[in-house]
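These are my notebook entries on one structure. I set down what I looked up, in the order in which I looked.

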Amino acid sequence: MSAVVATAPQPRPRAAQSIWHHHLVRAVISIAVFLVLWELGARFKLPWVGQVPPPTVVFNTWLPLLQDPGYWYSWVQSSRRVLSGFIAAMIIGIPFGLAMATSRMFHDISFPVFEILRPIPPLAWVPAAIIFWPTQELSIGFVIFLGAIFTIMLNVIGGARSIDVRFFQAARSMGSSNWDIFRRIILPGVLPSIVVGCEVGIGITWNVVVAAEMISGGGGAIQSSAGGGLGFFIWNSYIGFSYPQIVVGMISIGIAGYISSAIIRKLGQTITPWARTR
Amino acid sequence: MNARAQAATKGAIRIQNVDKVYYAREGAVQAVSDCSLDIRAGEICMIVGPSGCGKTTLLNAIAGFHDITGGAIHLDGELLCGPGKPQAEPGPDRVVVFQNGALFPWKTNLENVAFGPVVQGKLGKAEARDKALGLMADAGLSGTEHNYPGEVSSGTRRRVEIVRALMNDPKVLLLDEPFRALDSLTKSVMHEALLEIYYKNKVTIFFITHDLEEAIFLGHRVAIMTTRPCKPKKILEVDIPHPRNYGVLTSPRFRSLMEETVNAVHEEAVKAFEAGEKEM
Amino acid sequence: MAEGKPATSAGEIGAWAMFMYRYSKALRSPTPYLMLAGFALFFGAWFLLSEVFRFWRFASLPGPRQVLIEWFNPNPVYGMSLYTPDYYMHIWMSLRRVLIAFAIATGLGVPFGLFLGWSKVYREFTFPVFETLRPIPVLAWVPLAIVMFRGDETPVIFLTTLASFYATALNTMLGVQSIDPSFPRAAACLGASKWQIFRHIIVPGALPFIFTGLQISVGVAWFSLVAAEMVSGEYGLGYLINSSYVNVQYPVILIGMISVGIVGYASSALVRLAGDYMMQWRVRELALGEGR
């Protein structure tokens, strides 16, 4: 299609760049440097860093844990909470957001309440949630739900608003009904924003889950033996003075969070293949 | 200003056998191939061709925004880019006026215009301001000095950008379809404004456009380029005398030149259409 | 067309006239009344469910009337109201932490983000580490922060700073990357050196994104702060919420929640106003409806 050089004299290859210019090599170098500095800082008891277990110790602590079913069960518990809270937020948030974006009346009625509740950090709701909900799981779930829903709704509303008005005009001129317009213009148009909202929301969700699990282990608002999960694992390690395990827990959550974001991004790309324009 | 108008010996560009290959996802793309063009000092040279054929690549090479992979470009005998020096440095001797406008939105029009000499250290802030005020008044822009670009009309913005370029006494003005986004009424006013500015300053103008009428109206010569890879296919001398005004548009000479140009361009345009070129 | 004062100069309408026009126009639309209706619905439902009907679990929740009475009580039952100095002390403790964290995060995050966006070399060497640490939820750092930093205040401030830093740096980087490449090119043509381009083009060009990032950063700071205070802290609104639960002083929980909401919202609004002030050009541009 484009005038790709086929038979012409071979084009000069990318000026031979040194290997140090390749971005993956640089990434590896930077992470390696970071690990080395961490190791040295921990071993030489530098301020702050000196209190952190060095990476070698962390790694050695991690290996036996990989075979411990209790460790993997923590993964399952946290993931379960994240998933259920997040899905609940989507099920309620997306329709609500769409309603707010499409119906002026609905928007005007719900917007003030929405804007008042939004600035309250999700974790501030924990005690109120415990008072209200009969079980602890439900209260944690509620808080997670709150954490994600505002972000999702904001993104849905923003996304619906930014749909080019000419799409509506084109559809109307081709004789679409309201329902058609909703299904074929609004829904697909909002999808990319929903995906973005979910990506941000999942990060918040993990934060809330971890915090809730830590609080449940750390006394205070939530007292119980039920609980568990990776946040609880970290807190427990702290209480039990197993500091390398703290770091193991942190890294595990980081990995779990990264995987969930990646899954959402992948799903997003499958649902909205057109959004991937250069 | 007067000395400037007389001495139109600066700004001759010699493009010799220039090649530009760039590497996209599909593989190597030859944007410009063996392109040679001589632009005379002080002339208005119009570059016409179908979309995506590589005209902007040529302009970018002269301006120094990217390199060339073969050939050489000289400005007044000095090497801009070529063997041993693949990329020119951007500089105030070849100022660009961009297609979508590049006035800095966070500076007032006056600050924009005075920008060049101030950052180069050539003039103090106060002197630059005074010179800028003078040039803007010349160009009919009095009253807009303290507005931000976002507050004035697109035609005004274009003129401010051209004045900003001229503040630096450039040898060459590189214009990349500068009037493309304007409506045709504003455009016709801009043409006359540009010519007025040119008559006062006699810079060399390298002007890329799609608009054939614009090309013949403004230019001393019109270079018609082939589709990608870009190369001059035909060069027309527009022998209508300067100074020109809009009456020229209906003259018989104008119409016959249009006919020649349209025929030359049409073939290339069809080729480009069939090849489905995306804008580069 | 405009009510109130007449045009102040040819074609220009005074700001006051504009305001009056918009205000009267808004009053004639159903919007403000619907908003009031929304408020009423929410508070009404809450009131009815918790204080009047005592429906199901709502019975244990304090109702809006209880909360308001307590909040405005010169002699509060649980010791915390608009009239008690302790209340303001808690607010101040939280606010102080947020301010310190925000200042540090902005001071570090903006330059860091600017370099990330501006220099490819810097980015390729630094961004990987940044991105690797980012997925770790800020609150997962709590125990490690307690271990690393002595004292009670430092861990809390560290956590809040960390959260803000991520948001600020990321948005700043995006801001630099979003600058139309024509601008630095134009500046180069006009003879600007690399540093001049950075100063005159990159920094002002990224400012809109930077301020969006700062607003997000303030929100994130409050989020992390309240959480950190609930887990490990003395004083502060998060601590207040937690301890009033433990001490079965339920209306105070809601007072705490509402206070956090108000202060958090106000700080976001302040940042936005500061941004509007610094970016006059953008405000005017947007006001004229020409978005570019």
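**Entry 1: a strand of chain B and its partners**

I began with strand pairing in chain B, where strand β3 (residues 44-48) of chain B runs parallel to β9(B) and four bridges join the two. The model is a predicted one, and I read every entry below with that in mind.

I looked up one pair in this ladder and found that B:C45 has B:R221 of β9(B) as its bridge partner.

I then turned to the other pairing of β9(B). Strand β10 (residues 232-237) of chain B runs antiparallel to β9(B), and the two are joined by five bridges. In this pairing I noted B:V222, which stands opposite B:L236 in β10(B). The connection from β9(B) to β10(B) is a hairpin through six residues.

Is strand β9 (residues 221-225) of chain B enclosed or open? I found four of its five residues buried, so the strand is largely enclosed by the rest of the structure.

**Entry 2: chain B as a whole**

I counted the elements of chain B and recorded eight helices and 10 strands. For 280 residues the globule rule gives 19 Å, and the radius of gyration of chain B is 19 Å, close to that value, so chain B is as compact as a globular protein of that length. Along the principal axes, I read a span of about 50 × 50 × 35 Å for the C-alpha trace of chain B.

I noted that 46% of the 280 residues of chain B count as buried. Among the contacts in chain B with a separation of 6 or more, 73% are between residues 24 or more positions apart.

On confidence, I recorded a mean pLDDT of 85 for chain B, with 95% of its residues at 70 or more. The stretch I set aside is residues 1-7 of chain B, where pLDDT stays under 50 and the model has six contacts beyond four places in sequence.

**Entry 3: chain C as a whole**

I next looked up the make-up of chain C, which has 12 helices and zero strands. What does the radius of gyration say about how spread out chain C is? I found 24 Å, well over the 19 Å that the globule rule gives for 292 residues, so chain C is more spread out than a compact globule.

The box filled by the C-alpha atoms of chain C, taken along the principal axes, is roughly 70 × 65 × 35 Å. I noted that buried residues make up 44% of the 292 residues in chain C. Of the contacts in chain C between residues at least 6 apart in sequence, 62% join residues at least 24 apart.

I also checked the domain division of chain C: domain 1 covers 1-61 and domain 2 covers 85-287, according to an automatic or database domain assignment. I read 31 Å between the C-alpha centres of domain 1 of chain C and domain 2 of chain C.

**Entry 4: where chain C touches chain A**

How many residues does each chain give to the contact between chain C and chain A? I recorded 50 residues from chain C and 49 residues from chain A. On the side of chain C, the elements that give two or more residues are α2 (31-52), α5 (120-133), α6 (142-148), α9 (194-231), α10 (237-246) and α11 (250-278) of chain C. The largest share of that side, nine residues, comes from α11(C). By residue class, I noted 38 nonpolar, 10 polar and two charged on the side of chain C that touches chain A.

**Entry 5: one helix at this contact**

I singled out α10(C), which is mostly covered, with nine of its 10 residues buried. Among the buried residues of α10(C) I listed C:L237, C:Y239, C:I241, C:N242 and C:Y245. What covers the buried residues of α10(C)? The cover includes α5 (126-132) of chain A, together with α4 (85-118), α9 and α11 of chain C. I also noted C:V248, which follows α10(C) and has a positive phi, near 50°.

**Entry 6: confidence in chain A**

I closed with chain A, which averages a pLDDT of 80, and 88% of its residues score at least 70. Among the elements of chain A, the mean pLDDT is lowest (79) in helix α7 (residues 165-173) of chain A and highest (89) in helix α2 (residues 55-65) of chain A.

I marked two stretches of chain A. Over residues 1-16 of chain A, pLDDT stays under 50 and the model has 21 contacts beyond four places in sequence. Over residues 218-226 of chain A, pLDDT again stays under 50, and here the model has 19 such contacts. Where pLDDT is low, predicted coordinates should not be read in detail.

How values were computed:
Residues numbered from 1 in each chain as written. Chains lettered and ligands numbered in written order. Predicted model: local features only at pLDDT ≥ 70, side-chain atom pairs only at ≥ 80, totals over all residues. pLDDT = per-residue confidence, 0-100. Contact = placed C-beta atoms within 7 Å. Nonpolar A, V, L, I, M, F, W, Y, C, P; charged D, E, K, R; others polar. Rg over C-alpha atoms; globule rule 2.2 N^0.38 Å. Buried ≥ 20, exposed ≤ 12 C-beta atoms within 10 Å, placed from the backbone. Pairing = 2+ DSSP bridges.
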